[in-house]
Amino acid sequence: MKTRRLSRDEIGRRGSEIYETQLRHSLETDSVDQFVAIDVESSEYEVAEEAHLAGEKLRKRLPDPQIFIARVGHRAAFVAR
């Protein structure tokens, strides 16, 4: 069963920090416009063309990840319309 152990704010804070300090440079070289799903507890991540696919790939490897989604090369993962 999937359990959220952290608040949305804490997932966002940790995910942004991991992306900026550990992943941004390498991902923006090869994966611009793709989505990255980051487990904020382990820093494990997966990249895919669509956000839900990145999350699914991460869930296949980790039993109960606390997932943060970012769009590589963009300030926000999704745009409100």
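What pLDDT does the protein chain average, and what share of the residues score at least 70? Colour the chain by confidence to begin: this is a predicted model, in which the protein chain averages a pLDDT of 92, with 94% of the residues scoring at least 70. Among the elements, the lowest mean pLDDT, 95, belongs to helix H1 (residues 8-30), and the highest, 98, to strand S2.

Next, select the three strands, which form an open sheet in the order S2-S1-S3 with antiparallel pairing. Strand S2 (45-48) and strand S3 (67-71) stand at the edges, and because each has a single partner strand, one side of each is left without a neighbour in the sheet. Neighbouring strands of this sheet are turned by 20° against each other on average, direction ignored. Zoom in on strand S1 (residues 35-39), which four bridges join to S2 in antiparallel fashion, and look for Val-36, which stands opposite Val-47 in S2. Then add helix H2 (residues 51-61), which packs on the sheet and touches S1, S2 and S3, its direction making about 145° with that of S2.

Now show side chains for the largest nonpolar core, which has 13 residues, and of these Tyr-19, Leu-23, Leu-27, Val-36, Ile-38, Val-40 and Phe-68 touch the most other members. H1, S1 and S3 each supply at least two residues of this core, and the largest share, five residues, comes from H1.

Centre the view on Val-40, which, leaving aside its neighbours within four places in sequence, is in contact with Leu-6, Ile-11, Arg-14, Gly-15, Ile-18, Gln-66 and Phe-68. Apart from the largest core lies another core, of six residues, among them Ala-37, Ala-48, Leu-58 and Leu-62.

How values were computed:
Residues are numbered from 1 along each chain as its sequence is written. This is a predicted model: local features need pLDDT of at least 70, side-chain atom pairs count only at pLDDT 80 or more; totals for chains, interfaces and linings use all residues. Side-chain values use heavy atoms; hydrogens and water are left out. Two strands pair if DSSP finds at least two bridges between them. Axes are lines fitted to C-alpha atoms, for helices over the stretch in contact, and angles run from 0 to 180 degrees between N-to-C directions. Contact means heavy atoms within 4.5 Å. pLDDT is the predictor's confidence in each residue, from 0 to 100. A nonpolar core is a set of buried Ala, Val, Leu, Ile, Met, Phe, Trp, Tyr and Cys residues joined through side-chain atoms within 4.5 Å. Buried means under 20% relative accessible area, exposed over 50%, partly exposed in between (1.4 Å probe, protein chains only).
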